[in-house]
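User: I would like to learn how to read cavities and ring contacts in a model. Can we work through one case?

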Amino acid sequence: MSILVSGGAGYIGAHVVRVLRERGEKVIVADDLSYGKASRIGDARLVQVDVSTDGAREVLSNIMVDEDVTAVIHFAARKQVGESVQRPAWYYQQNIGGLANMLLAMEETGVDRMIFSSSAAVYGMPPVEVVPEDIEKTPINPYGETKLIGEWMMADCERAWGLNWIGLRYFNVAGAGWPDLEDPATLNLVPMVLDRLAKGESAKIFGTDYPTPDGTCIRDYIHVLDLAEAHVAALDALESGAPAHRQFNVGTGRGTSVREIIDGLRQVSGWDFPVEEMARRAGDPPQLIGDASRITKDLGWSAQRDVRDILQSAWDAWQQGPRRIAVPLAGD
């Protein structure tokens with residue numbers, strides 16, 4: 001028996017693969033390596049495939065049969081909010097098409113357990129400070145729309161052929177569980193800041209006029225290793241039968257502003273690096289904080305690491321990589 005992890009060579013996926021391997025699970029990774037790296041998955045088998053392409057269904061079905069797959073963890077998707085606003089049709093093709101191929105392969109081969117990588121982007125701009133799972137969902141960008149449609153697709157498959165699934169709605173993921181599994185793509189705030197510093201550029205804050213205490217966006221930051229452990233808890237829950245709920249927030253219930261993240265990175269790096277204030281980006285809600293009480297009650301999971309742990313681990317991992325940042329000496 002084995003677990004198929006699509007997008008398992010990526011940032012979050014590689015953490016989940018390592019946690020699963022450390023507890024003795026056989027893992028098969030399906031990844032097109034557009035963002036992921038084969039070196040990140042250890043001894044797990046890699047099948048290089050773009051799950052959104054026409055021929056992917058057959059490839060995935062063959063993997064499921066040949067490797068006796070019993071469950072799927074589906075990460076493979078595009079995830080840049082701004083890019084989704086600029087290229088909406090492509091985002092639908094990539095995210096919805098890829099998920100459809102996976103679900104068709106699962107139905108065809110009788111694999112009926114799925115953990116889906118959803119997102120807090122399904123909520124849009126909710127009228128509450130802390131967001132519960134059952135609030136009305138009105139995503140404000142195509143990326144969030146694809147994740148909400150993905151949840152609808154799985155609910156439909158549950159009714160049609162008995163799919164047993166959980167959708168994990170991530171808030172802002174950051175940090176590194178191990179130095180070699182740092183976030184390799186500059187798509188999220190922390191690696192974006194570190195990437196600019198490594199290039200000798202200023203960090204950037206996009207939008208300082210939001211209706212928040214310091215004018216910058218507020219997010220619920222979750223350590224990537226906490227998130228990986230949430231996937232394992234969800235997988236274990238499916239093995240026990242159908243859960244009481246299908247969707248779970250994965251967050252801390254605490255918000256941190258962009259400016260506070262910048263200040264935190266200054267502290268862990270020991271460098272008061274320069275920051276530029278820029279105009280807002282399209283599609284960014286002012287605040288998203290998740291109510292994580294449901295996942296704690298139903299799955300027994302809660303975040304064990306805080307923002308300081310996130311930033312310290314991200315900084316340490318970056319500094320052990322090939323693009324170490326040269327921190328100026330005091331007085332320079």
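User: How many nonpolar, polar and charged residues does the lining of the largest cavity have?

Analyst: Start with the class count. This is a predicted model. The lining of the largest cavity has 8 nonpolar, 1 polar and 2 charged residues. Glycine counts as polar in this scheme. The lining residues are Tyr11, Ala174, Gly175, Glu182, Asp183, Val190, Pro191, Leu194, Ala314, Ala317 and Trp318. The volume of this largest cavity is about 90 Å³.

User: Which helices each supply at least two residues of that lining?

Analyst: Map the lining onto the secondary structure. For the largest cavity, α6 (189-198) and α10 (307-319) each supply at least two residues.

User: How many cavities of 30 Å³ or more does the count give?

Analyst: The count is 2. The second largest has a volume of about 40 Å³. Its lining divides into 5 nonpolar, 4 polar and 1 charged. Among the lining residues of this second cavity are His74, Asn95, Phe116, Thr146 and Lys147. Here α4 (88-109) and α5 (142-161) each give at least two residues.

User: What feature does UniProt place at residues 3-251?

Analyst: Treat this as a record, not a computed result. The unreviewed UniProt entry gives "domain: NAD-dependent epimerase/dehydratase" for residues 3-251. In the model, that stretch is 39% helix and 20% strand. Its end C-alpha atoms are 24 Å apart.

User: Now the rings. How many aromatic pairs are there?

Analyst: The rule gives 3 aromatic pairs. Check centre distance, then plane angle. Planes over 60 degrees apart count as edge-to-face. The ring centres of tryptophan 90 and tyrosine 91 are 5.7 Å apart and the planes are at 75°, so this pair is edge-to-face. Tryptophan 271 and phenylalanine 273 also form an edge-to-face pair, at 5.8 Å centre to centre and 75° between the planes.

User: Are tryptophan 90 and tyrosine 91 buried or exposed?

Analyst: Read the relative accessible area. Buried means under 20%. Tryptophan 90 is partly exposed at 24%, whereas tyrosine 91 is buried at 0%. In the other pair, tryptophan 271 has 17% and is buried. Phenylalanine 273 is buried too, at 1%.

User: Which charged end sits over the ring of phenylalanine 273?

Analyst: Look for a charged end over the ring and its distance to the centre. For phenylalanine 273, the charged end belongs to arginine 266, 5.4 Å from the ring centre. Arginine 280 places its charged end over the ring of tyrosine 210, 4.0 Å from the centre.

Note on methods
Residues are numbered from 1 along each chain as its sequence is written. This is a predicted model: local features need pLDDT of at least 70, side-chain atom pairs count only at pLDDT 80 or more; totals for chains, interfaces and linings use all residues. Side-chain values use heavy atoms; hydrogens and water are left out. On a 1 Å grid over the protein atoms alone, a cavity is a set of points where a 1.4 Å probe fits but cannot get out, and a pocket is an open set with protein on both sides within 12 Å along at least five of seven lines; lining residues have an atom within 4 Å of a point. Grid points are joined across faces, edges and corners, and a volume is the space filled by probe spheres set on the points. Helices (H or I, at least four residues) and strands (E, at least two) are DSSP runs, numbered from the N terminus. UniProt positions are given in the numbering used here, feature names are shortened, and annotations may be inferred rather than shown by experiment. Rings of Phe, Tyr and Trp (its six-membered ring) pair if their centres lie within 6.5 Å; planes under 30 degrees apart count as stacked, over 60 as edge-to-face and the rest as tilted. Buried means under 20% relative accessible area, exposed over 50%, partly exposed in between (1.4 Å probe, protein chains only). A charge sits over a ring if NZ of Lys or CZ of Arg is within 6 Å of the ring centre and within 35 degrees of the ring normal.
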